[in-house]
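Hi everyone, thanks for coming. I'd like to walk you through one structure today, so let's put it on the screen.

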Amino acid sequence: MDIVFATHNRHKSEEACQILGPRWTLRNLHDLGQTEEIPETADTLQGNALQKAQFVYDKYHLSCFADDTGLEVEALNGAPGVYSARYAGEHCSFADNVNKLLHEMQGKTNRRACFKTVVALILDGEAHFFEGRVDGTIIENPRGAEGFGYDPVFVPDGFSETFAEMSAEQKNKISHRGRAMAKLIEFLQNID
Ligand code: IMP
């Protein structure tokens, strides 16, 4: 069965392809020739994930899923949340975002935060949602060189390393995206 992962990130789609197994033929946006970014203008993770999946479904008439992720920090009333990618402004780097976060967190004693991922799947025209979450704390000084985004300042509960100090395999087992994808894959594998 054909399905599209509405992402330009080959790393994400290759990983999903391996987990899905031979029953599903997974294509990404490059495979479809969709080089332009798909608009993400909703103000919730669910809204953005659905917007991306719906765009592909409407344009290509193929079953499709898309993900959207945000970091929610308690002391910042849930910011940066759905705006995590452009927290420090349009076209900012991961380092800019981390620096802004650490600046906003100066003097805060509550350092609790969580990553959330929502995956939206449109299968034969019907929408389904899968959520993954990981709780942890924001540390004061970045550590580690793996991963991306806010990984160097996020320590998941039950661990002493940041996500950026873990291997991709170790992070995927416990991460927000790993958990949401696991739910999606279980759903897809159980379809008759
Ligand atoms: P996206 O929805 O996967 O594009 O993620 C939006 C933004 O959230 C990214 O630009 C990163 O800043 C941040 N982010 C997403 N996933 C992760 C992660 O696994 N670790 C750290 N930051 C992440």
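**The pocket and its ligand**

Let me start with empty space: the largest pocket holds about 1,400 Å³. Please keep in mind as we go that this is a predicted model.

What lines that pocket? There are 48 lining residues, and those nearest the centre of the largest pocket are Asn9, Lys12, Ala85, Phe94 and Phe148. If you'd like to trace the lining by element, α1 (10-20), β3, α4 (94-104), α5 (168-174) and α6 each give two or more residues to it. By residue class, the lining of the largest pocket splits into 18 nonpolar, 17 polar and 13 charged.

Now, where does the ligand sit? The space it takes is this largest pocket. Around the ligand we find 14 residues, with Thr69, Asp151, Lys171, His176 and Arg177 as the closest. Two elements, β3 (64-73) and α6 (176-189), each supply at least two residues of that shell. Both elements also turn up among those that give two or more residues to the pocket lining. As for the make-up of the shell, we have 5 nonpolar, 4 polar and 5 charged residues.

For those of you who like distances, here are three polar contacts. Asp151 places a polar side-chain atom 2.6 Å from a nitrogen atom of the ligand. Lys171 has a side-chain N or O atom 2.7 Å from an oxygen atom of the ligand. And Lys12, which we met near the centre of the pocket, has a polar side-chain atom 3.1 Å from a ligand oxygen atom. How much of the ligand does the protein cover? Of the 480 Å² of accessible area that the ligand has on its own, 89% is covered by the protein.

Before I finish, two backbone details to look at. Where is the cis peptide bond I'd like you to see? It joins Ala79 and Pro80, with omega at about -5°, and Pro80 lies in strand β4, residues 80-81.

The second is His61, a residue other than glycine with a positive phi, near 55°. You'll find His61 in the loop between α3 (45-60) and β3, and β3 is one of the elements we saw supplying the ligand shell.

That's my tour, thanks for listening!

How values were computed. Residues numbered from 1 in each chain as written. Predicted model: local features only at pLDDT ≥ 70, side-chain atom pairs only at ≥ 80, totals over all residues. Heavy atoms only, no water. Near = heavy atom within 4 Å. Polar contact = N/O pair within 3.5 Å; in protein donor to acceptor, adjacent residues only side chain to side chain. Areas by Shrake-Rupley, 256 points an atom, 1.4 Å probe, with all protein chains shown as cover. 1 Å grid on protein atoms, 1.4 Å probe; cavity = no way out; pocket = protein on both sides within 12 Å on 5 of 7 lines; lining within 4 Å. Sits in = over half its atoms within 2 Å of the grid points. Helix = DSSP H or I, 4+ residues; strand = E, 2+ residues; numbered from the N terminus. Nonpolar A, V, L, I, M, F, W, Y, C, P; charged D, E, K, R; others polar. Points joined across faces, edges and corners; volume = space filled by probe spheres on them.
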